Amino acid sequence: MIGKRALDILLAGVALVVAAPLLAVAALGIRLASPGPILYRARRVGQHERPFTMYKLRTMRVGQAYTSVITAKDDPRVFPFGALLRRTKLDEFPQLYNVLRGDMAIVGPRPEDPQMVEQFYAPLHRETFRVLPGLTSPGSIYAYTHGEAQLDVRDPHKSYADRLLPLKLALDLVYVRRASLGYDLALIGRTAWMLGTALLGRRTFPLPGELPEARRIMAEAGAAQVTA
């Protein structure tokens, strides 16, 4: 995995340098749009179930009532400029610092909130903790392209746990079981294509090629719960 770590450091370092002007503009926009800090610090569960602090650009108003760790479409906590940052994924760029620190990788299962892990992870899902969490993965790509339709704005927390999270985790388990440098590069390319075409106006995306294997994993998880 030395090659993967070297690639992560190289890509994260270059991306931070290239994105620095955009991040400066985003920081100014946040400051003008909503009083409060520029960065949001989120607790997440990382490799070997170790907690860490994940950094994001703040996209929500400070002082809003806490409702859920899940953000649905038109969530009133998100201010307009924050919605733009979320749509373009610029809010995720500070996680490149997490990559340089060794908390995360460029490619890996998306890290979850400790509350979600405690409440909804089956034993099989904890296999995702074998590797570093990442900026992108089959599960996070699917969540970006198809996840919004599965969230009920009346109860995003429950609909995420019931509908989206099991498939998202199964897709990320496919990654963990197939992980290789070549697969990482393919997922980086897929992510770049997805974000680029989404910014150009694309609204429909193909289902991930990992879906059949992910559904087998979901069946495996269901069978394990029945026999437990």
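How many of the 228 residues of the protein count as buried, as a percentage? The figure is 47%. Keep it in mind as you move through this predicted model, stop by stop.

**Stop 1: the whole chain**

Start with everything shown as a cartoon. You should find eight helices and four strands. Reading from the N terminus, the elements come in the order α-β-β-α-α-β-α-β-α-α-α-α. The radius of gyration is 17 Å, close to the 17 Å given by the globule rule for 228 residues, so the protein is as compact as a globular protein of that length. Turn the model around and the C-alpha trace spans about 55 × 45 × 35 Å along its principal axes.

Next, think about how the chain is tied together. Among contacts between residues at least 6 apart in sequence, 70% join residues at least 24 apart.

Now switch on the surface. About 11,800 Å² of the protein is exposed, and carbon and sulfur atoms supply 62% of that area. If you colour by charge, you will be looking at 30 positive and 20 negative side chains. The centres of those two sets lie 4 Å apart.

**Stop 2: leucine 22 in helix H1**

Select residues 2-33, which make up helix H1, and pick out leucine 22 within them. Is leucine 22 far from or close to leucine 90 in space? The two are 68 residues apart in sequence, while their C-alpha atoms are 8.3 Å apart. Leucine 22 has a relative accessible area of 47%, so it ranks as partly exposed.

**Stop 3: the loop between S1 and S2**

Go to the loop between strand S1 (39-45) and strand S2 (51-57), and select histidine 48. Glutamate 49 sits in the loop between S1 and S2 too. Look at the backbone here. Most residues other than glycine have a negative phi. Histidine 48, however, has a positive phi, near 60 degrees. The phi of glutamate 49 is also positive, near 65 degrees. With a relative accessibility of 39%, glutamate 49 counts as partly exposed.

**Stop 4: helix H5**

Select residues 138-147 to bring up helix H5. This helix is mostly covered, with eight of its 10 residues buried. Which residues of H5 are buried? They are Pro138, Gly139, Ser140, Ile141, Tyr142, Thr145, His146 and Gly147. To see what lies over them, add strand S4 (134-136), helix H6 (156-178) and helix H7 (181-199), which are among the elements covering these buried residues.

While you are in H5, zoom in on threonine 145. Its relative accessibility is 17%, and because the limit for buried is under 20%, threonine 145 falls on the buried side. Leaving aside neighbours within four places in sequence, threonine 145 is in contact with Met194 and Phe205, so show both side chains alongside it.

**Stop 5: aspartate 184 in helix H7**

Finish in helix H7 by selecting aspartate 184. Is this aspartate buried or exposed? At 2% relative accessibility, aspartate 184 counts as buried. Which residues touch aspartate 184, once its neighbours within four places in sequence are left aside? Show Lys4, Val107 and Tyr175 to see these contacts. Then focus on tyrosine 175: its side chain and that of aspartate 184 are joined by a polar contact of 2.6 Å.

Notes. Residues are numbered from 1 along each chain as its sequence is written. This is a predicted model: local features need pLDDT of at least 70, side-chain atom pairs count only at pLDDT 80 or more; totals for chains, interfaces and linings use all residues. Side-chain values use heavy atoms; hydrogens and water are left out. Helices (H or I, at least four residues) and strands (E, at least two) are DSSP runs, numbered from the N terminus. Buried means under 20% relative accessible area, exposed over 50%, partly exposed in between (1.4 Å probe, protein chains only). The radius of gyration is taken over C-alpha atoms; the globule rule is 2.2 Å times the number of residues to the power 0.38. Contact means heavy atoms within 4.5 Å. Accessible areas come from the Shrake-Rupley method with a 1.4 Å probe; for residues, only the protein chains shown count as cover. Lys and Arg count as positive and Asp and Glu as negative; His and the chain ends are not counted. The place of a charge is taken as NZ of Lys, CZ of Arg, CG of Asp or CD of Glu. A polar contact is a pair of N or O atoms within 3.5 Å; within protein, one must be able to donate a hydrogen and the other to accept it, and residues adjacent in sequence count only if both atoms are side-chain atoms.
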